[in-house]
Amino acid sequence: MDKTAPKVGIGIDIGGSGIKGAPVDLRAGRFTAERVKIATPHPSTPEAVATAVTEIAASFPDQVAPECPLGITFPAVMQHGVARSAANVDQSWIGTDVAHLMAEATGRPVVAVNDADAAAVAEHRFGAAADVNGVVLLTTLGTGIGTALLTDGYLVPNTEFGHLEINGQDAEKRAAASAREDEKLSYEEWAETRLQRYYSTLENLLWPDLIVVGGGVSRKADRFLPLLRLRSPIVPAELRNTAGIVGAATLAWEQLSPAHE
Ligand code: BGC
């Protein structure tokens, strides 16, 4: 196989406010065309979201071969393509075979995975955890907290450490970026009163070699990460808002492409 030939996959990131997709150069971990975004329909039922996904999947005919597998991220537990939870999405998703639904809708083979899991794979292949061996913990701080665990680059899917119970409360309700905004906390207050406890608990349970912090707020990582006292190195994600799409496209290719080397 020609290792220099372009290898382009496609990823779509389903989020609470937007559904975003792009073709991905799988050797470089970069988009090969501008991302397409559609506002998440309300209510965000599986059928309404499938219509948006189909439109995005058909947006790059010059870039992506018709038989190219599609990688999809979803913000819930995704067991073998089936949504098993719905912390921040419409409850009607629980039990939906997302991979099957989207494959029927788009006519492509589909891999559907948790959003943080996809981001972690992208960061390990192309970003802040590139080629880091040992235990890597990725957390995404957004509306909720997503987590992913890699060991020597292999993913243990569907860790849900955003829902650790700390002081009798769901951790993401206190420590997510949305909690900082809703409660109008400064970055210092957020780091001191929320993130410190959250990350100390995580590192005492998992002993990671590296913690990577993603989510939109990671753009401001210098305002809060240096304030945390942890034994593990903790660094901002590097792929930022492309990580989910890149990771999903990568996983789809690795799992479904007949030409996968
Ligand atoms: C969900 C996770 C998801 C995370 C980030 C949490 O509320 O339970 O599955 O990864 O939010 O979207």
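The following legends describe close-up views of a predicted model.

**Figure 1. The two domains of the chain.** The domain assignment divides the chain into domain 1, residues 8-118, and domain 2, residues 128-237. Taken over C-alpha atoms, the centres of domain 1 and domain 2 are 24 Å apart. Nine residues of domain 1 and 13 residues of domain 2 take part in the contact.

**Figure 2. The interface of domain 1 and domain 2.** About 740 Å² is buried between domain 1 and domain 2, and carbon and sulfur atoms account for 48% of this area. On the side of domain 1, the residues that lose the most area to domain 2 are Asn88, Ala116 and Asp117. Together, Asn88, Ala116 and Asp117 make up 63% of what the side of domain 1 buries. Zero salt bridges are found across the interface of domain 1 and domain 2, whereas two residue pairs are in polar contact between domain 1 and domain 2.

**Figure 3. The side of domain 1 that touches domain 2.** Strand 6 (78-79) and helix 3 (115-126) each contribute at least two residues to the side of domain 1 that touches domain 2. By residue class, this side of domain 1 consists of five nonpolar residues, three polar residues and one charged residue.

**Figure 4. The surroundings of the ligand.** The residues around the ligand include Pro75, Ala76, Val77, Ala87 and Asn88. Asn114, Asp115, Ile145 and Gly146 are also among them, as are Glu160, His163 and Glu172. Asn88 thus appears in two views: this residue is around the ligand and is one of the residues of domain 1 that lose the most area to domain 2.

**Figure 5. Side chains at oxygen atoms of the ligand.** The side chain of Glu160 has an N or O atom 2.6 Å from an oxygen atom of the ligand. For His163, the distance between an N or O atom of the side chain and an oxygen atom of the ligand is 2.7 Å. In the case of Glu172, a side-chain N or O atom lies 2.8 Å from an oxygen atom of the ligand.

**Figure 6. Thr201 and its contacts.** Thr201 belongs to helix 6, which spans residues 187-206. A polar atom of the Thr201 side chain is 2.7 Å from the backbone oxygen of Arg197. With residues up to four places away in sequence left aside, Thr201 touches Leu164 and Ile166. Gly216 is 15 residues from Thr201 along the chain, and the C-alpha atoms of Thr201 and Gly216 are 23 Å apart.

Key. Residues are numbered from 1 along each chain as its sequence is written. This is a predicted model: local features need pLDDT of at least 70, side-chain atom pairs count only at pLDDT 80 or more; totals for chains, interfaces and linings use all residues. Side-chain values use heavy atoms; hydrogens and water are left out. Domain bounds come from an automatic or database domain assignment. Contact means heavy atoms within 4.5 Å. Buried area is the accessible area (1.4 Å probe) that two parts lose on being put together, summed over both. A salt bridge is a side-chain nitrogen of Lys or Arg within 4 Å of a carboxyl oxygen of Asp or Glu. A polar contact is a pair of N or O atoms within 3.5 Å; within protein, one must be able to donate a hydrogen and the other to accept it, and residues adjacent in sequence count only if both atoms are side-chain atoms. Helices (H or I, at least four residues) and strands (E, at least two) are DSSP runs, numbered from the N terminus. Ala, Val, Leu, Ile, Met, Phe, Trp, Tyr, Cys and Pro count as nonpolar, Asp, Glu, Lys and Arg as charged, and the others, Gly among them, as polar. A residue is near a molecule or strand if one of its heavy atoms lies within 4 Å of it.
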